[in-house]
There are 2 protein chains.
Amino acid sequence: MRDVARKSGLSIATVSRVINFPGEVPAETAEIVNTAMRYLNYRPNINGRRLKMSQTRTVGVLVPTLANPVFATSVQGIEQEANIEGLTVLLTSSNYDPEREMGAVSALLNNRVDGLILTLANADNNPVVDLLLAEKIPFVLLFNQPERADIAAISVDNAKSAFDITNAMIAKGHRSLVMVAGQFESSDRSRQRYDGFCRALDQAGIEKKHLVQVRFGETDLVEPLRDLLLGPDAVTGIVCSTDMLAIAAISACRAHGLSVPGDVSVGGIDGISVGGLITPKLCSAVQPTQEMGRQALAFLRGLIKGQTNPQSLLLPHHLSDGDSIGAFRGDSRRRSSTRV
Amino acid sequence: MRDVARKSGLSIATVSRVINFPGEVPAETAEIVNTAMRYLNYRPNINGRRLKMSQTRTVGVLVPTLANPVFATSVQGIEQEANIEGLTVLLTSSNYDPEREMGAVSALLNNRVDGLILTLANADNNPVVDLLLAEKIPFVLLFNQPERADIAAISVDNAKSAFDITNAMIAKGHRSLVMVAGQFESSDRSRQRYDGFCRALDQAGIEKKHLVQVRFGETDLVEPLRDLLLGPDAVTGIVCSTDMLAIAAISACRAHGLSVPGDVSVGGIDGISVGGLITPKLCSAVQPTQEMGRQALAFLRGLIKGQTNPQSLLLPHHLSDGDSIGAFRGDSRRRSSTRV
DNA sequence: TTGAAAGCGTTACCAA
DNA sequence: TTGGTAACGCTTTCAA
């Protein structure tokens with residue numbers, strides 16, 4: 001910048017003005033400066049600006065993992081919106097480990113991000129949330145559904161999604177169901193969805209509530225489901241907490257020689273549409289994920305500007321029959337009507 | 001930092017030393033400083049450091065989109081490795097638009113990243129590559145396979161993957177094949193894979209080479225494939241440039257009332273295993289994507305340190321029969337042996 | 001309309 | 001072993 005100033009025979013202050021307030025500078029002066037900048041291949045050092053200014057125009061994002069298309073797609077939405085707004089995105093992932101959440105957020109704060117978008121293992125009684133609240137750093141939870149109402153969060157209603165999908169399966173005649181869910185410790189969504197599952201069964205007067213818990217990343221359900229699929233009281237339907245688990249469940253059914261649907265029906269909840277990829281057989285509760293990411297960033301911007309107050313936003317989910325291989329994107333309602 | 005210094009009755013310089021070179025400071029001094037830091041809730045401002053130091057310990061990442069699990073998973077690998085090394089990841093996406101690549105990289109350079117990992121629309125004759133070469137900024141291409149040998153790149157051999165998979169289908173008796181590929185302008189992988197497809201057909205003495213090009217994001221192949229599936233010279237097999245396209249193709253086949261495999265066989269190339277999700281029916285050329293991301297970052301670190309020279313790294317791909325819904329992760333060879 | 005200069009939070013050199 | 005201080009590149013106030 002000093003070089004540009006020297007080259008154009010003007011001061012550093014003027015160069016800065018040309019960059020930041022081109023309107024406040026005569027066109028010809030701006031021209032001189034711009035020429036010098038091009039000549040010298042000048043690149044503003046954003047770190048200098050960040051150090052000086054109170055706003056860094058940077059947002060931090062924490063997701064459990066990008067290996068799950070749900071989170072990846074939401075980050076794509078955040079990224080897209082950030083691009084439009086000229087914001088920089090700092091990305092970290094926790095690998096579903098609550099212990100790593102604090103470290104990751106800490107690193108983001110050291111970068112002086114203006115705000116954060118987080119998908120946490122557990123939104124309630126979370127030290128990260130407490131820290132952010134104490135330091136008054138704007139943040140939006142994504143996919144989490146905290147109990148406190150004064151925390152910004154964007155999610156579907158997890159319990160209701162599970163409740164609806166379970167009811168849909170009951171309506172199709174299933175009386176014997178199991179829920180496959182992730183470990184409750186690493187996903188409050190799992191627990192909330194299990195609650196919805198139980199509520200639907202209770203309401204239908206079904207006593208037996210099976211639960212298979214799977215640790216993160218596990219995709220082999222052949223053994224965990226063996227008894228429930230082949231035993232004397234085999235279930236006729238599987239409700240899955242996530243679409244990835246539903247895929248694994250379908251695979252396991254086939255490994256045991258069962259057809260889906262037919263011998264078994266599978267439903268997948270995610271509050272999402274899986275990046276245009278697939279939805280599991282029979283039932284699916286969906287909400288376009290990318291759009292949720294964009295909304296989260298828009299919401300966060302409001303918080304940062306102080307124009308909005310933190311509050312939970314529960315998006316409606318859409319219940320639909322699923323394809324085991326579908327191909328929809330964006331609008332989850334426009335889905336291929338084919339069947340396997 | 002000044003506050004910490006004052007609180008501990010020492011100088012700023014000492015505080016800095018405690019943070020950066022704890023070994024060069026007496027344990028008790030360090031203890032005093034640490035106590036003060038905790039008491040004051042001190043957070044180092046990384047931007048100050050970045051401004052001062054020549055290395056920012058930050059890497060920039062550019063992918064076409066995170067909505068494609070292939071890229072998302074690779075970013076997860078990069079992210080994971082960066083976490084271990086204490087590096088910050090700056091993420092951007094081009095949405096497959098070559099025009100946006102320069103803008104995105106420019107923004108990353110303004111952040112003074114130490115190096116870049118890029119998946120470009122076209123690696124050859126690319127202004128971004130020229131810029132980086134001219135400015136001597138370390139970078140690694142991921143999934144791109146540039147002609148120049150002195151550019152760092154990690155990829156499978158795109159042409160060979162397509163060649164192998166096409167040969168596999170020919171070996172199964174197919175004589176009438178179509179390739180479904182993305183637009184060549186937005187993916188050099190597409191073109192390279194199409195070349196491999198053609199070479200295999202040539203070698204088998206098959207004249208007819210069908211090509212259906214699909215623009216990015218399109219997942220509805222029902223119309224584009226209608227004639228080729230139902231017409232008088234209908235194909236018996238479809239080779240797809242990516243797994244996402246293969247899924248769309250399978251879906252289209254079913255929409256037309258064709259079974260897969262059976263009436264039609266579908267093969268999908270991606271040089272990847274899709275984040276544990278699915279592989280398309282019949283054939284698949286796979287390579288664990290997350291691992292590729294990790295390798296890319298490790299490679300980049302070598303370049304940044306000046307310990308390595310830029311060179312292309314072609315990973316072997318693994319040809320396998322695919323499941324339309326599988327569930328493998330990491331090791332692509334340990335895959336569910338079920339069939340639809 | 002332009003410029004001088006202070007200061008953002010660090011690091012690292014040189015002295016004490 | 002510790003401290004004073006210049007410098008990193010930028011923004012912004014105040015004055016000219």
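In chain B, both B:F184 and B:Y194 are buried, and this pair of residues makes a useful place to enter the structure, which is a predicted model. The two rings have their centres 5.8 Å apart and their planes at 40°, so the pair is described as tilted. B:F184 belongs to the loop between β6 (177-182) and α9 (188-203) of chain B, while B:Y194 is part of helix α9 of chain B, so their pairing ties together parts that are ten residues apart in sequence.

Over all chains, the structure holds ten aromatic pairs. Another of them is formed by A:F71 and A:Y96, whose ring centres are 6.4 Å apart and whose planes stand at 65°; planes over 60 degrees apart count as edge-to-face, and so this pair is edge-to-face. A:F71 sits in helix α5 (residues 69-85) of chain A, and A:Y96 in the loop between β2 (88-93) and α6 (98-110) of chain A, so that the pair links distant parts of the chain, 25 residues apart. Both partners are buried, A:F71 with a relative accessible area of 5% and A:Y96 with a relative accessible area of 14%. These two residues also belong to a cluster, in which ring pairs link A:F71, A:Y96, A:F143 and A:F216.

A ring can also have a charged group placed over it, and each protein chain offers a case. In chain A, the ring of A:F163 has the charged end of A:R199 sitting over it, 4.1 Å from the ring centre. In chain B, the charged end of B:R199 sits over the ring of B:F163, at 4.2 Å from its centre.

From the aromatic residues we can pass to A:P64, which is found in the loop between β1 (58-63) and α5 of chain A. Is A:P64 buried or exposed? Its relative accessibility is 2%, and therefore A:P64 counts as buried. If neighbours within four places in sequence are left aside, A:P64 is in contact with A:F71, A:S93, A:S94, A:N95, A:Y96, A:T119 and A:R189, a list that includes A:F71 and A:Y96, the partners of the edge-to-face pair. The C-alpha atoms of A:P64 and A:S187 are separated by 9.5 Å, although these residues stand 123 residues apart along the chain.

In chain B, B:N111 occupies the loop between α6 (98-110) and β3 (115-118). With a relative accessibility of 4%, B:N111 counts as buried. Not counting residues up to four places away in sequence, B:N111 touches A:I46, A:N47, A:R50 and A:T88 of chain A, together with B:T56 and B:L90 of chain B.

The remaining part of the tour concerns the DNA, beginning with strand D. Which residues come closest to DNA strand D? Of the 25 residues that surround DNA strand D, the closest are A:M1, A:Y42, A:N45, B:T14 and B:R17. Among the atoms of DNA strand D that come within 4 Å of the protein, sugar and phosphate account for 59%. A polar backbone atom of A:N45 is 2.7 Å from a phosphate oxygen of the strand, whereas B:R17 has a polar side-chain atom 2.7 Å from a base oxygen of DNA strand D. A base oxygen of DNA strand D also lies 3.4 Å from a polar side-chain atom of A:K52. At least two residues of the surface near DNA strand D come from each of α2 (12-20) and α4 (46-52) of chain A and α2 (12-20) and α4 (46-52) of chain B, and α2(A) gives the most, with five residues. By type, the residues of this surface divide into eleven nonpolar, eight polar and six charged.

DNA strand C can be read in a similar order. Around DNA strand C there are 23 residues, of which A:S11, A:T14, A:R17, A:K52 and B:N45 come nearest. Sugar and phosphate make up 63% of the atoms of DNA strand C that come within 4 Å of the protein. A phosphate oxygen of DNA strand C lies 2.7 Å from a backbone N or O atom of A:S11, and an N or O atom in the side chain of A:T14 is likewise 2.7 Å from a phosphate oxygen of that strand. For B:R43, a backbone N or O atom lies 3.5 Å from a phosphate oxygen of DNA strand C. The elements giving two or more residues to the surface near DNA strand C are α2 and α4 of chain A together with α2 and α4 of chain B, and here α2(B) gives the most, with four residues. The residues of this surface divide into ten nonpolar, eight polar and five charged.

Methods. Residues numbered from 1 in each chain as written. Chains lettered and ligands numbered in written order. Predicted model: local features only at pLDDT ≥ 70, side-chain atom pairs only at ≥ 80, totals over all residues. Heavy atoms only, no water. Near = heavy atom within 4 Å. Polar contact = N/O pair within 3.5 Å; in protein donor to acceptor, adjacent residues only side chain to side chain. Nonpolar A, V, L, I, M, F, W, Y, C, P; charged D, E, K, R; others polar. Phe/Tyr/Trp six-rings, centres within 6.5 Å; stacked < 30°, edge-to-face > 60°. Buried < 20%, exposed > 50% of the residue type's maximum accessible area, 1.4 Å probe, protein only. Lys NZ or Arg CZ within 6 Å of the ring centre and 35° of its normal. Contact = heavy atoms within 4.5 Å.
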